[in-house]
Amino acid sequence: MVKKLLKQRRYLFTLLAFLASISLINISLTNVASRAQSGAPKIVATFLPIYMFTRAVAGEEAQVEILIPPGVEVHDYQATPGNVRTVAQADVLVMNGLGMEEFLERLVANAGNWRLKEIDASTGIEPLKDDEDDHEDDHDHDDHDDHDDDHDDDHDDHDDDHDGHDHAEGNPHVWLDPVLAQQQVANIRDGLIAADPVNAQTYRDNAEAYILRLQKLDREFEGSQLGGCRFITFHDAYPYLAKRYGLQQMAVVELPEDNLTPRDVQRVIAAAREFQVKALLSDSVEDRRLQQIAKQVGVPVKILDPIESGPADPQYYFQAMRQNLQTLETVCR
């Protein structure tokens, strides 16, 4: 009798466990169905400008998450286990493309998310190759023979560590051209519509509103008549902006991330004097190295923002670009 009761109890526990597992499966399927019916996919955008464009198109109803925190270097980014979990749970992944996010291929493979839909925001955009950029990379006026080979080798090593990244697929900084930014927004719109047709009209309306603002921004740059302005910078992010509005990015003067050598300083001074620039354009005015060089040249340091850091708000793009316009107007007139 006791054995019979124990057997019945084990059977009951087995049945309850089975029913519990069925219940969990049903809950999971219900959540998936509910998410599909609500039309609110989980969207992940790689870094700040792509997040801005994606959030602008998706609106407040969709969940949009940024993969790389603002201010973190994208070119050399190494994915974290948290990134893998995020992509594994996402429905849509939006990227800039053009080789900007080199870490993504392995990240997506590790995430193993079979339902993930990927959107390349730069689809259809013809990239500028390094030899097409309107500047002289690694500008160097100091060709005197009084520098030994060892010093030159050290300097070359510094260059490899700075912003002079190899752009095998072309320069990826297309979001800094308001016209190409419109194409990126349109690509994101089309990708979200394909991934989530239930909310197609919302994506169309949001994208149209944002594109209209980008068109207005483009007219403001066109009206500034900056054509012919020559400038040098320390970040190879602006060839699309320069090409669009007739600017001449004369040089990208690369600097080491650690210690400046006298030759580094002389390269900046020589470029600034040759091109008669009115300011040194940098991502940050707080770079003490540039402040010291600027004093020697006799010009201020001004910010030209690549929009890779800042508030995670779609409207910040316009604030930053208008500030860039004001900066260019200051140094070009």
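The following dialogue concerns salt bridges in a predicted model.

Student: How many salt bridges does the structure hold?

Tutor: A salt bridge requires a side-chain nitrogen of Lys or Arg within 4 Å of a carboxyl oxygen of Asp or Glu. By this criterion, the number of salt bridges in the structure is seven.

Student: Is Asp-190, which forms a salt bridge with Arg-189, buried, partly exposed or exposed?

Tutor: In the salt bridge between Asp-190 and Arg-189, the closest N and O atoms are 2.9 Å apart. Buried means under 20% relative accessible area and exposed means over 50%, with partly exposed in between. Because its relative accessibility is 40%, Asp-190 counts as partly exposed.

Student: What separates Lys-216 and Glu-220 along helix H7?

Tutor: Lys-216 and Glu-220 form a salt bridge, their closest N and O atoms being 2.9 Å apart. Both residues belong to helix H7, which covers residues 200-223. Because they are four residues apart in this helix, the separation is about one helical turn.

Student: Which residues are joined into one network by salt bridges that share partners?

Tutor: Glu-220 forms a salt bridge with Lys-216, and the side chain of Glu-220 also meets that of Arg-322 in a salt bridge of 2.8 Å, N to O. The latter pair links distant parts of the chain, with Glu-220 in helix H7 and Arg-322 in helix H11 (residues 316-332), 102 residues apart. Through shared partners, the salt bridges form one network of Lys-216, Glu-220 and Arg-322.

Student: What is the relative accessibility of Arg-322?

Tutor: Partly exposed residues lie between the limits of 20% and 50%. Arg-322 counts as partly exposed because its relative accessibility is 25%.

Note on methods. Residues are numbered from 1 along each chain as its sequence is written. This is a predicted model: local features need pLDDT of at least 70, side-chain atom pairs count only at pLDDT 80 or more; totals for chains, interfaces and linings use all residues. Side-chain values use heavy atoms; hydrogens and water are left out. Buried means under 20% relative accessible area, exposed over 50%, partly exposed in between (1.4 Å probe, protein chains only). Helices (H or I, at least four residues) and strands (E, at least two) are DSSP runs, numbered from the N terminus.
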